[in-house]
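Please report on how the strands, helices and charged side chains of this chain fit together. Keep it brief.

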Amino acid sequence: VEVMYDSGVTPLMYTSSGEEEDKDRDIITIGNDKVAVGESRDSMQRNKVKDNYAIARMLPAVSYAIERYCADRNIRLDDSVTRRQKIALAIGTPLTQASVLRKEYIDAFIGSFVEWKYKGINYEIEIPHVRCYPQNYAPMLKNYNDYFKEKKISIMVDIGGGTTDVMI
């Protein structure tokens with residue numbers, strides 16, 4: 001796990017006195033809207049794309065991934081350069097909801113174009129590819145050769161805030 005934070009999104013109703021304050025917090029600015037991400041935990045929701053914050057929830061992690069991508073390739077960009085990327089998005093859903101929410105989740109994100117500011121840096125993403133999997137399926141595939149290939153039975157358990165899912 002490289003990036004972990006609570007899934008809460010809090011709309012900010014005030015204007016910050018300066019952007020320096022925003023660099024120390026997970027503040028996302030999209031257009032004229034500012035939200036704090038990860039400073040709270042949202043209540044349990046069956047469908048997380050029903051509110052206005054589905055994309056905002058993931059932007060700190062996307063920002064981190066873009067910065068990591070640039071660093072791994074020795075791409076040196078100063079803070080005045082907008083980071084632009086096309087991304088493929090993989091979404092995990094609780095096992096019991098994967099078949100029900102799959103199409104809705106894909107439709108909510110595919111083709112999205114988002115511009116935001118995070119920690120003083122401007123970002124833009126386009127999302128031309130979206131896939132939706134049961135939770136734990138993607139991490140299992142990533143580690144398949146190391147941990148699962150030679151096993152006759154593998155059991156994946158996701159213990160969440162409101163559900164416990166088991167996949168054999």
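A salt bridge is counted here when a side-chain nitrogen of Lys or Arg lies within 4 Å of a carboxyl oxygen of Asp or Glu. The model is a predicted one.

**Salt bridges**

Side chains of opposite charge can pair when their charged atoms come close. Searching the whole structure gives five salt bridges. Three of them are set out below, each with the N to O distance.

| Pair | Distance and place |
|---|---|
| R84 and E124 | 2.9 Å; strand β4 and strand β6 |
| D72 and R68 | 3.3 Å; helix α2 |
| D26 and K119 | 3.7 Å; loop between α1 and β2, loop between β5 and β6 |

R84 and E124 connect distant parts of the chain, 40 residues apart. Are these two partners buried or exposed? R84 counts as exposed, because its relative accessibility of 55% is over the 50% limit. E124 is buried, because its relative accessible area of 14% is under 20%.

D72 and R68 sit four residues apart in helix α2, so about one helical turn separates them. R68 is partly exposed, with a relative accessible area of 36%.

D26 and K119 also link distant parts of the chain, with their positions 93 residues apart. K119 is partly exposed at 31% relative accessible area.

**The sheet**

What is the order of the strands in the sheet? Six strands form an open sheet, ordered β1-β3-β2-β5-β6-β4. The pairing is mixed. The edge strands, each paired on one side only, are β1 (9-11) and β4 (83-93). On average, neighbouring strands are turned by 40° against each other, direction ignored.

Strand β4 runs parallel to β6 (residues 121-134), and 10 bridges join the two. T93 stands opposite P134 in β6. The R84 and E124 salt bridge spans these two strands as well, with R84 in β4 and E124 in β6.

**Helices on the sheet**

Helix α2 (residues 54-72) packs on the sheet. It touches β1, β2 (27-30), β3 (33-37), β4, β5 (112-118) and β6. The direction of α2 makes about 110° with that of β6. Helix α3 (residues 98-109) lies across β4, β5 and β6. Helix α3 runs at about 155° to β6.

**Cysteines**

A disulfide is a covalent bond between the sulfur atoms of two cysteines. How many disulfides does the model hold? The count comes to zero. C70 is buried, at 6% relative accessibility. C132 is buried too, with a relative accessible area of 10%.

Note on methods: Residues numbered from 1 in each chain as written. Predicted model: local features only at pLDDT ≥ 70, side-chain atom pairs only at ≥ 80, totals over all residues. Heavy atoms only, no water. Pairing = 2+ DSSP bridges. Axes fitted to C-alpha atoms, helices over the stretch in contact; angles between N-to-C directions. Contact = heavy atoms within 4.5 Å. Disulfide = S-S within 2.5 Å. Buried < 20%, exposed > 50% of the residue type's maximum accessible area, 1.4 Å probe, protein only.
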